[in-house]
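Colleague: I am new to this structure and would like a close look at a single part, the open sheet. Could you walk me through how its strands pair and what lies across them?

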Amino acid sequence: MALEGKRVLLVIGGGIAAYKSLELIRRLKERGVLVRVIMTRAAQEFITPLSVGAIVGERAFTDLFDPASEFDIGHIRLAREPDFIVVAPATADLIAKMAGGHADDLASTVLLATDKRVLIAPAMNPVMWEHPATRRNFAQVLADGILVIGPNQGEMAERGEAGPGRMAEPDEIIAAIEASLSALPDKNALSGKRVLVTSGPTHEPIDPVRFLTNRSSGRQGHAVARAAARAGAEVVLVSGPVELPDPTGVKTVHVETAAEMLAAAEAALPVDAAICAAAVADWRSSETSPQKLKKENGKAVTLSLVENPDVLATLARHKRRPRLVVGFAAETEKILDHARAKLKAKGCDWILANDVSPASGVLGGPSNTIHLVTAEGVESWPTQSKQSIADGLVSRIAAALNAAGARK
Ligand SMILES: Cc1cc2nc3c(=O)[nH]c(=O)nc-3n(C[C@H](O)[C@H](O)[C@H](O)COP(=O)(O)O)c2cc1C
């Protein structure tokens with residue numbers, strides 16, 4: 001996608017990596033991007049508004065209570081005019097402010113007042129990055145639909161320190177902007193459409209305190225529900241047990257088991273499209289003990305497992321079949337072979353196959369690498385944040401539904 005003519009607002013936070021933002025501005029300008037910059041007070045300790053302004057070609061915005069800029073451009077225009085907002089470097093402090101909804105300076109106020117997609121490029125010392133407070137804040141901004149690039153592993157500015165925390169390189173940030181902008185659905189692409197999304201794992205009880213489950217976090221499914229709602233669809237999200245807030249603008253139905261998930265999904269019909277992103281447990285215990293099972297002097301316990309109902313296949317063969325049925329295939333090997341086989345076996349229209357082997361970091365992580373498998377072939381998407389993948393999927397769904405609608 002050409003970035004030429006796109007309006008990008010860059011928020012520069014107060015980190016060592018702020019110097020890389022000068023290079024980022026230069027490269028964006030080379031691509032014909034209309035760049036506007038906000039600098040936090042701390043950012044101005046690292047690079048000056050003068051050098052930023054000279055590269056941008058207009059002054060950098062620094063102050064919330066600046067009468068000159070408030071009457072001229074103003075924080076609301078700064079928040080609404082761009083096509084895309086990038087925070088680079090995103091400091092631990094800025095991520096905390098975004099997670100908490102703070103608005104006590106120009107950068108945080110604009111980030112709270114915007115309805116545009118926001119991409120953050122975190123940069124900080126690895127101990128700050130791995131601190132439980134940053135983990136909580138980062139999880140919250142991901143749940144709010146913020147896009148993320150990096151941080152990368154490597155040497156820190158502090159001598160002898162290394163680990164995750166280096167800001168992504170300018171070219172990587174530009175590639176992420178390009179991928180996100182090209183994935184973005186039109187504002188009302190799904191208006192008037194009903195969409196069902198399943199998300200998260202299921203819990204299959206063994207006794208009142210134990211259950212069988214898997215490592216799905218629900219992030220990809222929740223991101224799809226959020227993206228569909230933002231594109232104007234009426235969305236029902238059937239979610240297994242996850243540690244994520246319900247997405248805004250979405251009707252969320254909470255379930256525990258595969259049987260409950262299927263019942264809730266069928267109750268949501270008719271829908272135009274169903275996206276089955278949940279990692280439904282394939283099996284459940286054939287018996288559920290009403291009381292907690294007890295150890296018996298080292299005696300082995302055998303669990304007998306029976307197959308669960310198949311939510312995706314049931315929807316794909318339903319008498320009220322959605323016009324478009326999309327499944328996810330989480331695989332640890334032979335990803336495309338298994339995905340093609342799943343497409344046939346389940347009778348769905350598309351499969352989004354992803355590698356969930358432990359080395360991929362996909363389960364529970366912010367990014368994903370997807371192969372879209374359809375009857376026509378395979379399309380491999382670049383690795384990107386789960387929200388960006390959700391946007392791309394929603395754009396495709398809108399195109400397919402609108403084309404199908406036009407044929408009628
Ligand atoms: C030399 C120096 C380097 C710093 N580098 C970082 C950094 O890379 N990442 C970060 O999150 N904070 C860093 N900090 C701390 C932030 O500057 C500080 O938290 C500041 O309040 C952030 O403000 P802002 O989020 O409004 O930009 C650094 C501080 C100093 C003194």
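**The open sheet, strand by strand**

Modeller: Let us start inside the sheet, where strand β13 (residues 273–276) runs parallel to strand β16 (residues 324–331), the two being paired over 4 bridges. Here strands are DSSP runs of E with at least two residues, helices are runs of H or I with at least four residues, and both are numbered from the N terminus. Two strands pair if DSSP finds at least two bridges between them. One bridge to look for is that of C276, whose partner in β16 is G327.

A word on what you are viewing: this is a predicted model, in which local features need pLDDT of at least 70, side-chain atom pairs count only at pLDDT 80 or more, and totals for chains, interfaces and linings use all residues. Residues are numbered from 1 along each chain as its sequence is written.

Now step back to the whole sheet. It is open and has 8 strands, in the order β12-β11-β8-β13-β16-β17-β19-β20, with mixed pairing. At the edges are β12 (251–254) and β20 (377–380), each of which pairs on one side only. From one strand to the next, the twist averages 15°.

Follow the order towards β20 and you meet antiparallel pairs. β17 and β19 pair in that sense over 4 bridges, and A353 stands opposite H371 in β19. β19 and β20 are also antiparallel, over 4 bridges, and are joined by a hairpin through 2 residues. H371 is worth finding on your screen: besides facing A353, H371 stands opposite S380 in β20.

Next, look at what lies across these strands. Helix α13 (residues 335–346) lies across β16, β17 (350–355), β19 (370–374) and β20, running at about 145° to β16. Such axes are lines fitted to C-alpha atoms, for helices over the stretch in contact, and angles run from 0 to 180 degrees between N-to-C directions. Contact means that two residues have C-beta atoms, placed from the backbone, within 7 Å.

Finally, visit helix α11 (residues 258–267), where A258, M261, L262 and A265 are the buried residues. Seen down the axis of α11, these fall within an arc of 100°, so they line one face of the helix. Buried means 20 or more other C-beta atoms within 10 Å of the residue's own, again placed from the backbone, and the arc is that of the directions from the helix axis to the C-beta atoms. Their cover brings us back to the sheet: it includes β8 (194–199) and β11 (234–239), along with β9 (204–205), β14 (283–285) and α12 (311–316).

Key: Buried ≥ 20, exposed ≤ 12 C-beta atoms within 10 Å, placed from the backbone.
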